[in-house]
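Got the viewer open? Let's walk through this one stop by stop, selecting a few side chains at a time.

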Amino acid sequence: MREREMPHPLCCISIDCPELGGRSPPVPAHPPPGLDGEGSSVAVAGVLCKWTNIGKGWRYRWFSLQSGVLSYSKIRRGDPPLVPDGGGVRLIGSAAALSSRPAAAPGGRRARKPVRVVHLKVSSFREKYSTTESSDDVEKQELDDLSDEDEFSFFDTSECFGDSASKVIASGDSDRTSGIEDNCCDNNIMDEGQLNYQNMLLHIKRRTKLPKPIEREKGVSLWSIIKDNVGKDLTRVCLPVYFNEPLSSLQKCFEDLEYSYLLDQAYEHGKKGNGLMRILNVAAFAVSGYSSCDGRLCKPFNPLLGETYEADYPEKGVRFFAEKVSHHPMLIACHCEGRGWKFWGDSNLRSKFRGQSIQLDPLGVLTLEFDDGEIFHWSKVTTTIYNLILGKVYCNHHGTMNILGNRQYSCKLKFKEQSLLDRNPHQVLGFVEDINGSKVATLVGKWDDSMYFSFGDEILKTKSSVSTDNANLLWKRNKPPTDPTRYNLTSFAITLNELTSELKEKLPPTDSRLRPDQRYLENGEYEKANAEKLRLEKRQRMSRKLQENGWKPRWFQRDSEDATFCYTGGYWEAREQQKWDDCMDIFGEYSMN
């Protein structure tokens with residue numbers, strides 16, 4: 001039920017209204033003359049509206065004010081009003097008619113009941129009012145005073161369903177629609193304001209902007225760098241810090257968890273037996289990870305071998321950990337625990353210069369497992385950055401994403417490849433299939449904006465666009481930060497590299513937030529950032545020898561050469577005990593013996 005907007009509790013009305021006992025209060029009027037506080041010599045009496053309780057709403061009561069004492073009582077049929085004693089009584093509206101009405105005769109249809117009078121002491125009518133303990137008790141007692149002539153109140157049905165959702169439920173497919181009410185009521189789109197509200201509840205304050213740059217940034221010759229490195233792997237090219245954003249690839253992995261609430265909702269739907277709504281939320285989560293890429297043209301820092309990153313976000317209910325587990329091929333492994341689910345995987349990003357563009361091909365499988373045993377696997381699609389030399393630089397994601405489940409449903413999403421004349425870019429279309437191969441739901445949206453769903457094939461397709469008139473919203477992108485940076489970081493991304501003194505004491509020496517070149521770049525100390533980046537990348541070239549000499553990841557392992565790296569456990573326990581003796585100082589000086 002929507003929150004009621006209550007006017008002032010003492011609303012002046014006329015007694016000859018056509019209906020008494022309606023739920024909606026009349027429009028409030030200015031207080032009548034003489035009803036202006038303590039010490040008034042003129043007594044005032046009449047009918048006013050009083051808020052009783054949620055069940056009965058607004059009710060008409062007989063009020064009188066004399067010598068600073070405000071009294072009110074119920075209005076019963078046949079009962080005369082209680083007019084203050086003495087002369088000089090001012091009656092409100094048509095209250096005079098009531099004062100002249102005779103009481104019910106003793107032999108009439110109903111004997112007169114005793115009237116309970118409540119006195120309220122007020123200092124000034126113009127002060128907005130406070131509910132006292134005595135008034136609360138009065139309202140509770142009024143629930144016990146219901147007579148045969150008191151009318152019952154009926155509530156409207158839930159207003160959380162839209163027209164489109166109502167159409168879907170009316171189809172009568174109990175298997176597909178079971179739990180849809182839960183989705184429409186509980187599938188709240190968590191925007192930036194909601195996240196800040198959760199932070200406030202948990203007393204967690206995260207930063208909302210990056211530090212102000214200390215130095216003025218200098219430009220570089222992009223063409224001279226590109227022409228010398230066409231066809232080379234970007235992981236082997238030493239680019240100036242100008243092309244980086246103050247985040248590592250490990251932190252970018254956690255950035256994909258910004259909308260982890262979708263997995264929380266998926267878990268709850270599965271608990272209620274609604275597997276279809278579970279995979280729809282999983283599909284929305286898989287798409288949402290791309291939303292932060294729009295306008296992000298700088299590349300993240302390539303982690304050093306053994307570099308780690310942790311993220312503990314209790315306001316989101318997630319705890320994340322990642323480690324660079326291999327230098328050649330470059331592999332990053334991550335593990336995240338949420339409310340009723342676990343998410344893990346490793347990724348290998350192959351990047352190539354194509355002259356006018358850069359193509360990024362991700363390798364690796366992502367796994368999502370719920371506590372009830374349902375598992376989903378999928379891989380990311382290709383990302384291409386266009387117009388490096390001429391025109392406006394932009395990126396696009398394209399390809400097919402298959403989300404495979406081990407139970408009843410699987411999903412296929414098609415990321416549309418953008419053309420030069422495309423008027424509707426960033427589109428994603430998909431469908432959910434059951435184990436029989438039948439399409440049971442359709443998805444449509446944009447990876448940088450929102451995703452919708454409908455059951456069956458109800459989303460209408462035209463030549464130029466896709467209509468979402470009959471679709472239901474699954475996910476919508478959060479609002480951008482109020483203080484944007486040249487890196488176009490989201491509000492969530494701005495928090496990822498924050499380093500407080502309290503957190504610094506708990507981190508291992510391998511955490512990305514302790515990497516000096518990345519920290520210098522965030523602070524706007526560009527000369528120091530370039531110098532440190534050059535030093536660390538020279539050290540990075542020794543990582544291959546370290547790996548060949550038998551180096552192994554500290555927190556992840558895999559069963560075979562082609563298997564996925566899985567978290568072995570123990571990191572958070574070591575963090576609690578501050579046992580980092582076996583962690584290398586990878587950002588310090590090092591030489592091969």
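Start by selecting Glu374 and Arg278: both residues are buried. Show their side chains and you'll find a salt bridge, with N to O at 2.9 Å. Now look at where the two partners come from. Glu374 sits in the loop between strand S14 (366-370) and strand S15 (375-378), while Arg278 belongs to helix H10 (residues 275-288), so the bridge ties together parts that are 96 residues apart in sequence. Keep in mind as you go that this is a predicted model.

Leave Arg278 on screen and add Phe370. Arg278 lies over the face of the Phe370 ring, 4.0 Å from the ring centre. Phe370 is buried too, because its relative accessible area is 1%, under the 20% cut-off. Next, add Phe376. Phe370 and Phe376 make an aromatic pair with 6.2 Å from centre to centre and 90° between the planes, which is edge-to-face. And is Phe376 buried or exposed? Its relative accessibility is 0%, so Phe376 counts as buried.

Now colour helix H10 and bring in helix H9 (residues 261-271). Their axes come within 8 Å and cross at roughly 170°. That angle is over 145°, so H9 and H10 count as roughly antiparallel to each other. To see the contact, select residues on each side: on H9 they include Leu262, Leu263, Ala266 and Tyr267, and on H10 they include Met277, Asn281, Val282 and Phe285. Arg278 is also one of the H10 residues in this contact, so it's worth keeping it displayed.

Next stop: Phe254 and Phe320. Both are buried. Their ring centres are 5.0 Å apart with the planes at 40°, so this pair is tilted. Zoom out a little and trace the backbone: Phe254 is in helix H8 (residues 249-255) and Phe320 in strand S10 (residues 318-326), a link between distant parts of the chain, 66 residues apart.

Then pick Glu245 and Lys252. Their side chains form a salt bridge at 3.8 Å, N to O. Glu245 counts as buried because its relative accessibility is 0%.

For a bridge within one helix, move to helix H14 (residues 526-540) and select Lys533 and Glu537. How far apart are they in H14? They are 4 residues apart, which means about one helical turn separates them. The salt bridge between their side chains is 2.7 Å, N to O, and both residues are buried. Before moving on, go back to Glu245 and Lys252 and add Glu255 and Arg296: salt bridges with shared partners join these four, Glu245, Lys252, Glu255 and Arg296, into one network.

Now for a bigger selection. Show Phe321, Trp555, Phe556, Tyr567, Tyr571, Trp572 and Trp580, which form one aromatic cluster. Add Arg554 while you're there: its charged end sits over the ring of Trp555, 3.9 Å from the centre.

Finally, zoom out to the whole chain. There are 16 helices and 24 strands to scroll through, and 46% of the 593 residues count as buried. If you'd like to keep hunting, the whole structure holds 26 salt bridges and 24 aromatic pairs. One last number for the overview: of the contacts between residues at least 6 apart in sequence, 61% join residues at least 24 apart.

Note on methods: Residues numbered from 1 in each chain as written. Predicted model: local features only at pLDDT ≥ 70, side-chain atom pairs only at ≥ 80, totals over all residues. Heavy atoms only, no water. Buried < 20%, exposed > 50% of the residue type's maximum accessible area, 1.4 Å probe, protein only. Helix = DSSP H or I, 4+ residues; strand = E, 2+ residues; numbered from the N terminus. Phe/Tyr/Trp six-rings, centres within 6.5 Å; stacked < 30°, edge-to-face > 60°. Lys NZ or Arg CZ within 6 Å of the ring centre and 35° of its normal. Axes fitted to C-alpha atoms, helices over the stretch in contact; angles between N-to-C directions. Parallel < 35°, antiparallel > 145°, perpendicular 65-115°, else oblique. Contact = heavy atoms within 4.5 Å.
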